[in-house]
4 protein chains.
Amino acid sequence: MKGWDERHAYSVCLTEADRAGMVRMAFRTVDPEDLDYYEKRLQDFGVKYEVVPEDYRRGRALRFMAPSGHTVELYHEMEYTGNLLPAVNPAPWPEGLKGIGVPRLDHTLVTAPEPHTAIQFFQEVLEFRTSEVLVSSDGTPLAAWLWQRPAPHDLAIVPGRAGGFHHAAFVVDSTDALFRAADILAMHKVRIDYGPGRHGITRGTTIYFFDPSGNRLETFGGYSAYQMDPDSRPVTWTQDQIAQAVFYYAQELNETFLSVYT
Amino acid sequence: MKGWDERHAYSVCLTEADRAGMVRMAFRTVDPEDLDYYEKRLQDFGVKYEVVPEDYRRGRALRFMAPSGHTVELYHEMEYTGNLLPAVNPAPWPEGLKGIGVPRLDHTLVTAPEPHTAIQFFQEVLEFRTSEVLVSSDGTPLAAWLWQRPAPHDLAIVPGRAGGFHHAAFVVDSTDALFRAADILAMHKVRIDYGPGRHGITRGTTIYFFDPSGNRLETFGGYSAYQMDPDSRPVTWTQDQIAQAVFYYAQELNETFLSVYT
Amino acid sequence: MKGWDERHAYSVCLTEADRAGMVRMAFRTVDPEDLDYYEKRLQDFGVKYEVVPEDYRRGRALRFMAPSGHTVELYHEMEYTGNLLPAVNPAPWPEGLKGIGVPRLDHTLVTAPEPHTAIQFFQEVLEFRTSEVLVSSDGTPLAAWLWQRPAPHDLAIVPGRAGGFHHAAFVVDSTDALFRAADILAMHKVRIDYGPGRHGITRGTTIYFFDPSGNRLETFGGYSAYQMDPDSRPVTWTQDQIAQAVFYYAQELNETFLSVYT
Amino acid sequence: MKGWDERHAYSVCLTEADRAGMVRMAFRTVDPEDLDYYEKRLQDFGVKYEVVPEDYRRGRALRFMAPSGHTVELYHEMEYTGNLLPAVNPAPWPEGLKGIGVPRLDHTLVTAPEPHTAIQFFQEVLEFRTSEVLVSSDGTPLAAWLWQRPAPHDLAIVPGRAGGFHHAAFVVDSTDALFRAADILAMHKVRIDYGPGRHGITRGTTIYFFDPSGNRLETFGGYSAYQMDPDSRPVTWTQDQIAQAVFYYAQELNETFLSVYT
């Protein structure tokens, strides 16, 4: 599955399972040679990995376990399908979309028992940069928002169980579209966990909701969005402001945010 | 006080008091002779009223107690000031507004111990029409949204203490403006009670929040808004759907909605 | 035909004809007795009229010629169908709309050889109120925006041929919806005459475009919209500012505005 | 000068001159060592360049003439100032902004007598990738939209005079913000060249307008925006669709687009 504006074969695979959660997550490298570069980097840091020769409509991948307890893959080759628009003289969007009609996957938020260690791994070994960080009173990172695209984040890590999946987010890029998405969710009696609202961290407008399996999904939007420059310094949030950092309007965490994930 | 686009002297008066709440509410008649018309109507229905010869920047008013326990006034004359724009060749809005910058007051929601009786009074004596009504399983109106302007409502009545003031709402007429309003409230650490969200009833987009005195205020918006025609039949909501009728997205009432008002 | 949120049987009838244009326009009275009231008023002002006993899904109408050369009807009874939503516990909008999906007709703009006389007729005989007026250097009204609903206008009259039809406008009530409408028009190669833009007069956001017959249609929106109060004084525009009064952004009239209508 | 959300010292310098136009444009490299990499690349391709040891709040730059006749600089070091928000627990935007309040510079469009050659230079020597391209009937690129950030474009090249400056664009990222920008421009009688509208190419929503010196500026927005992936293939526009490619709604070029630039 994928959003209508994604150009490769898919961004999400759903598989049958006994319980909800995320089996693994995968990142695509910019260039083919980057895959070799990161293979060497895994070796240099002593990270055990497995080479997966191919997967559904996808080429070789490096598979390894991150210190957060998540199976991570790096790959470069994936079947190029184009988006739903013609490649020549396209309209700005395809008519006839159903439902919320998201254009693309945006990011994933996962949990780790020792976020500090996991964050360091993604920063040092995989060279993610940090857009925002939540720190304890002694300055230790409790959670971090990490990026490769110059977007607020591709991956975020917060405290929780090893291998935990907090949510995956899809782009909904205007406030009208956000309300329309909330309307559609509510028309279909989908359980909304939070929102419409805004995160202090990333400035992202948001709706958290649960799919029928119990996985949390998010619409993530761009009202007053920013772009990261590799030289941009991370924004810091202090633990005493965690409530507004997470839910800027409610100014308090809801009971599900830190306890319910898969 | 008033919104920037209101053309008469004021729509809200704040007075010093020992406790929060609404002292009285007043409705302006369309034409001067309507005031005489309603005076006769009050007499015909045996409603005791007092004539207030004048008030701050305002002419004669009829003052009476509604069965909901609220002091209500009818008046016609009020000093005409115009809005904040010039009367000749105006721009679409005035530059330099501060804060949320609402254009006008929209409606008020009040509580009544016997909503049915209060609703009937406003319908029969004051000729309000009903846009939407919440009914119990035996069809009794539990709450009603009433109008004179062809807007979703000018006044709503829900169950609660006699004379209770649930909220007054000000127009914020786009989803971007709604998020901007929520941002400003949150920047200033205002306690947000609910929202951004949407009501099932009236379709209105909303933020409920509290002013420093404890009165609840609302931003009320027009995404997918409707206009009432005098011949439009009321929309009905059944009691088993009350949660979504009130908070369309949350699909559940928050604990404050029915318990906290002034 | 009608918009999805209109509650009576129809607001627009298309009939086969040799040329484009508007055959007649009709206004619905608020109450049944208003029809008698206006019949007497037509008599008092010596306006010749015809009684049309019934029309398609509609009751008795008074038909007469306005000084602008337009056939006008007043009626009250029309079949009540409700909008596209259920009458009980409705969603805020119906899923599955196609195209621009306008909720309702908003207003019509027509031409008159002597606008001053036509404007006076609608004001005095039919009791329309004026929201905005464009005046010549000697103060004569050249064009007026007239209302019965407390909206910016139900009918506008500008200089031109007797019986001329400039455009009919349908509500598109957010800026996202306006861009979406423009996208859809452009995807289908519809000839856009002007817009997206804004009128200085009425503050309305707008797209003018032509239907296949050559009639001009408009999307009319509410960003920073206002409501008229019967006591609101008209906004005045001076003839030297006509360009910005009409096309607030372009600040100049396009060649078609005053010359192309049906 | 810079937008409120830019984190380095400036993105635009205005200097006194006898005529309007762009003196030079500069690109910042992601990493310090990239500057050495591109220096070697300039040498390999035989491009003459000058080393500018430092400039206002900026470090070493490589300065050279592109085949389009534009002076181009590459640099890495620039004073880091942060944006207008605090680095710890920031609000989503700063209160008190005046005017349109753009967050950042987005892109520049320039002219070249032989666009094909200039496009090739930026692609081969400076490794820009192509998001969209306009081709003649024989397939020759007439204009191209080129990027380094995964945005629709950082630089576009269209046919015209050597060294010509068509416009610089600043982000305005919602349709409400776009209308607000157009309102502010019109309130201040700024000459609007085109818009609000949309480009077929890049899907960008747009207003073209002229600053007092005669340079064209643009608001560039994100309604239905896309992100480029390095592996995304360019969108192609054919010359017979140039009008809609440029002005998606008007479906025709205005007389100024290809003739007026500085």
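Which residues form one aromatic cluster? In this predicted model, the cluster is made up of Phe179(A), Tyr248(A) and Tyr249(A) together with Phe179(B), Tyr248(B) and Tyr249(B).

The aromatic rings can be followed further, since a search of the whole structure finds 50 aromatic pairs over all chains. One of them joins Tyr37(A) and Tyr38(A), whose ring centres are 4.9 Å apart and whose planes stand at 85° to each other. A pair of aromatic rings is described by the distance of the centres and the angle of the planes. Because planes over 60 degrees apart count as edge-to-face, the pair of Tyr37(A) and Tyr38(A) is given that description. As for their surroundings, Tyr37(A) is partly exposed, with a relative accessible area of 39%, whereas Tyr38(A), at 13% relative accessibility, counts as buried.

Rings also take part in arrangements with charged side chains. In chain B, the charged end of Arg216(B) sits over the ring of Tyr208(B), at 5.6 Å from the ring centre, and in chain C the face of Tyr75(C) has Arg58(C) lying over it, 5.0 Å from the centre of the ring.

Turning from side chains to the arrangement of the chains, chain D is superposed on chain A by a rotation of 180° with 0.0 Å of shift along the axis, and the RMSD is 0.0 Å. That is the relation of a two-fold axis. The same surface serves both copies, in that 100% of the contact residues of chain D recur in chain A. Among the residues of chain D, the one that comes closest to the rotation axis is Ser174(D), with its C-alpha at 3.3 Å.

Note on methods
Residues are numbered from 1 along each chain as its sequence is written. Chains are lettered from A and ligands numbered from 1 in the order in which they are written. This is a predicted model: local features need pLDDT of at least 70, side-chain atom pairs count only at pLDDT 80 or more; totals for chains, interfaces and linings use all residues. Side-chain values use heavy atoms; hydrogens and water are left out. Copies are superposed by least squares on the C-alpha atoms of residues with pLDDT of at least 70 in both. Contact means heavy atoms within 4.5 Å. Rings of Phe, Tyr and Trp (its six-membered ring) pair if their centres lie within 6.5 Å; planes under 30 degrees apart count as stacked, over 60 as edge-to-face and the rest as tilted. Buried means under 20% relative accessible area, exposed over 50%, partly exposed in between (1.4 Å probe, protein chains only). A charge sits over a ring if NZ of Lys or CZ of Arg is within 6 Å of the ring centre and within 35 degrees of the ring normal.
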